[in-house]
Amino acid sequence: MSPTASPDTPRRPVGQVTFLGAGPGDPGLLTLRAVEVLASADVLVADPLTAAAVRAHCPERVEVHPAADASDAFVLDEGGVLGGDGGAAVSRFFGAVRGGKHLVRTVDGDPGLDGRAAEEMLACAQAHVPFQVVPGVAQSVGVPAYAGVPLRSGARGADVRFVDASGLLAESAWADLGACESTLVVRTVLGSVPATAAALVTHGRKPETPVSITLEGTTTRQRTWCGTLGTIAAELKAAKVLPSPVSAPVDPASNVIVVVGEQVERRAELSWFETKPLFGWNILVPRTKDQAGALSDQLRGYGAVPSEVPTIAVEPPRTPQQMERAIKGLVTGRYEWIAFTSVNAVKAVREKFEEYGLDARAFAGIKVAAVGETTAQALVDFGVKPDLVPSGEQSAAGLLEDWPPYDPVFDPIDRVLLPRADIATETLVAGLVELGWEVDDVTAYRTVRAAPPPAETREAIKGGGFDAVIFTSSSTVRNLVGIAGKPHNVTVIACIGPATAKTAEEHGLRVDVLAPAPSVHALAEALAEFGGARRDAAREAGEPVYRPSERRPGSRRKAR
């Protein structure tokens, strides 16, 4: 035992810095270990590209700083003092670590290959600040993979060299790269690509060597251009990417990943990301956020960028007595059936159950119906397996098609509980009554029009900034037009069923996509098929592939 400590002496908490690789841009490329570490962060210092993605996995209480705030803190001056002139940053960051907090320094890509993390680690080591490293997907590895350019494949391109062009100042370095036959993966800026290509040719590389340039890799804004070392400068000018007399250039300071070598030829066969059917499409999803989650995930799988804009808000009923009596009736055996016509109805009943200390066991002895698969899944998540889901159309009419008539011999109780919205139609009630059932039609929740979206969203809707809008009900059509205006005529309109399509047409919208089945999954799939057919038609015609929002007004086409 140390003579200066005793078992009763409280230990000071030990903090640390974690250098964490956040990947090249796609939030899905964060590792499991990275997500685990982010969940324990007290202070987050994030590189800009992935800052939003890593913040989503941190606790609400986390203190967030941009990477620029760390530029002075993670250095040693000539006298070996941590922070040099950045004394305030040192006090804030390392004072927190020495006070027991966990500071997570995220690096775009991988800490060992991207950025200046090595220097920052050295500063921590020399200042005796504990640190650990969580590797990530490096930009020089992840971006070519998303561009469809494998860096190695059997005997082709067996030797790979990673190059940061910003550090190549000596002529001898270019001479070495030009003389070798390795596949080169070069980190540089867009404006430097022509000079880089010329330098490699000058020092020995063949002008016909294939080359690819990828901008904003692994994101849905990714763009890749291919050519050879001898032609790439002209290719970029022809694509209006770099300055030319007739073009508005992309920022020449934009970071890009360049691959030089025979492996680039494989892209024609292996491009998998930029060829997704809805790649880069900005799609408006006018639903509540809880309802839009699965649909947005499916759209992202097709390469789209979904924007969720609530058009309705769900609120409790003005008077709770009806629902209180209904829940009491469920417990005391008043009902033979309970029918759920929406996820919101399931949520409303579940919240009432939890308020009274009940759980799914309260449904024992009661038959449960769900209007469709989405509502059925919400019940399963609650712990209830529905007894009846429509075998055909997932709607009130479809539910009635399969609903059994009341039989006094087999049905001891003739009453059905129907918890639903205040604006629901009477189709289901009338149909159940016709089948011989008594119905308690109870308002479980109210739907009200949501607040208008931000001005920039409204302008994008009316000005053609969105490539498509997905309508999942007639109310989403009416409410979106009411709070944000009518979508522009270049925007693709996709509707879940004939009733929704009719409402869209009544509001002056041209319906391009109609789901073959009334489900959000089928609707997203139909839109993806539309996007894929549109892309294929453009390629067969020898035309460039444009997103709908990139078309001139009046040039909308329907894929046949």
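This is a short talk on two sheets, one helix pair, one cavity and one pocket in a predicted model.

I will start with the parallel sheet. Five strands make it up, in the order E3-E2-E4-E1-E5; the sheet is open, and the pairing is parallel. At its edges are strand E3, residues 63–66, and strand E5, residues 131–134, each of which pairs on one side only. From one strand to the next the twist averages 20 degrees.

Now to one pairing inside that sheet. Strand E2, residues 43–46, runs parallel to strand E4, residues 102–107, and 4 bridges join them. If you want a place to look, Ala46 stands opposite Thr106 in E4. Helix H4, residues 117–126, lies across E4, E5 and strand E1, the last of these being residues 16–21. The angle of H4 to E1 is about 165 degrees.

Next, the mixed sheet. It is also built of 5 strands and open, with the order E13-E17-E16-E14-E15. Which strands stand at the edges here? They are E13, residues 312–315, and E15, residues 367–370; each has a single partner strand, so one side of each is left without a neighbour in the sheet. The twist in this sheet averages 25 degrees from one strand to the next.

As general background, strands of a sheet pair through backbone hydrogen bonds, either parallel or antiparallel. The partner of E13 is strand E17, residues 438–449; the two run antiparallel and are joined by 4 bridges. Within this pair, Ile312 stands opposite Arg449 in E17. At the other edge, helix H13, residues 373–382, lies across E15 and strand E14, residues 337–340. H13 runs at about 135 degrees to E15.

On to the helix pair. The axes of helix H11, residues 321–332, and helix H12, residues 343–355, come within 11 Å and cross at roughly 75 degrees. That crossing angle makes H11 roughly perpendicular to H12. From H11 the contact takes Met323, Glu324, Ile327 and Leu330; from H12 it takes Ala348, Val349, Lys352 and Phe353. By class, that is 6 nonpolar and 2 charged residues, with no polar ones.

Now the enclosed space. The structure holds 2 cavities of 30 Å³ or more, and I will cover the second largest, which has about 30 Å³ of space. What lines this cavity? The residues are Val193, Thr196, Ala197, Leu200, Val211, Leu229, Val258 and Val260. Two elements give two or more residues to this lining: helix H7, residues 193–202, and strand E10, residues 255–260. H7 gives the most, with 4 residues. The lining divides into 7 nonpolar residues, 1 polar and no charged.

Last, the second largest pocket, with a volume of about 1200 Å³. Its lining has 33 residues, and the closest to the centre of the pocket are Gln222, Arg223, Glu274, Val545 and Glu550. Strand E9, residues 223–228, helix H9, residues 267–270, and helix H19, residues 520–540, each supply at least two residues of the lining. How many come from H19, which gives the most? H19 contributes 4 residues. By class, the pocket lining has 13 nonpolar, 8 polar and 12 charged residues. For the cavity lining, to repeat, the charged class is empty.

That is the end of the tour.

How values were computed
Residues are numbered from 1 along each chain as its sequence is written. This is a predicted model: local features need pLDDT of at least 70, side-chain atom pairs count only at pLDDT 80 or more; totals for chains, interfaces and linings use all residues. Side-chain values use heavy atoms; hydrogens and water are left out. Two strands pair if DSSP finds at least two bridges between them. Axes are lines fitted to C-alpha atoms, for helices over the stretch in contact, and angles run from 0 to 180 degrees between N-to-C directions. Contact means heavy atoms within 4.5 Å. Angles under 35 degrees count as roughly parallel, over 145 as roughly antiparallel, 65 to 115 as roughly perpendicular and the rest as oblique. Ala, Val, Leu, Ile, Met, Phe, Trp, Tyr, Cys and Pro count as nonpolar, Asp, Glu, Lys and Arg as charged, and the others, Gly among them, as polar. On a 1 Å grid over the protein atoms alone, a cavity is a set of points where a 1.4 Å probe fits but cannot get out, and a pocket is an open set with protein on both sides within 12 Å along at least five of seven lines; lining residues have an atom within 4 Å of a point. Grid points are joined across faces, edges and corners, and a volume is the space filled by probe spheres set on the points.
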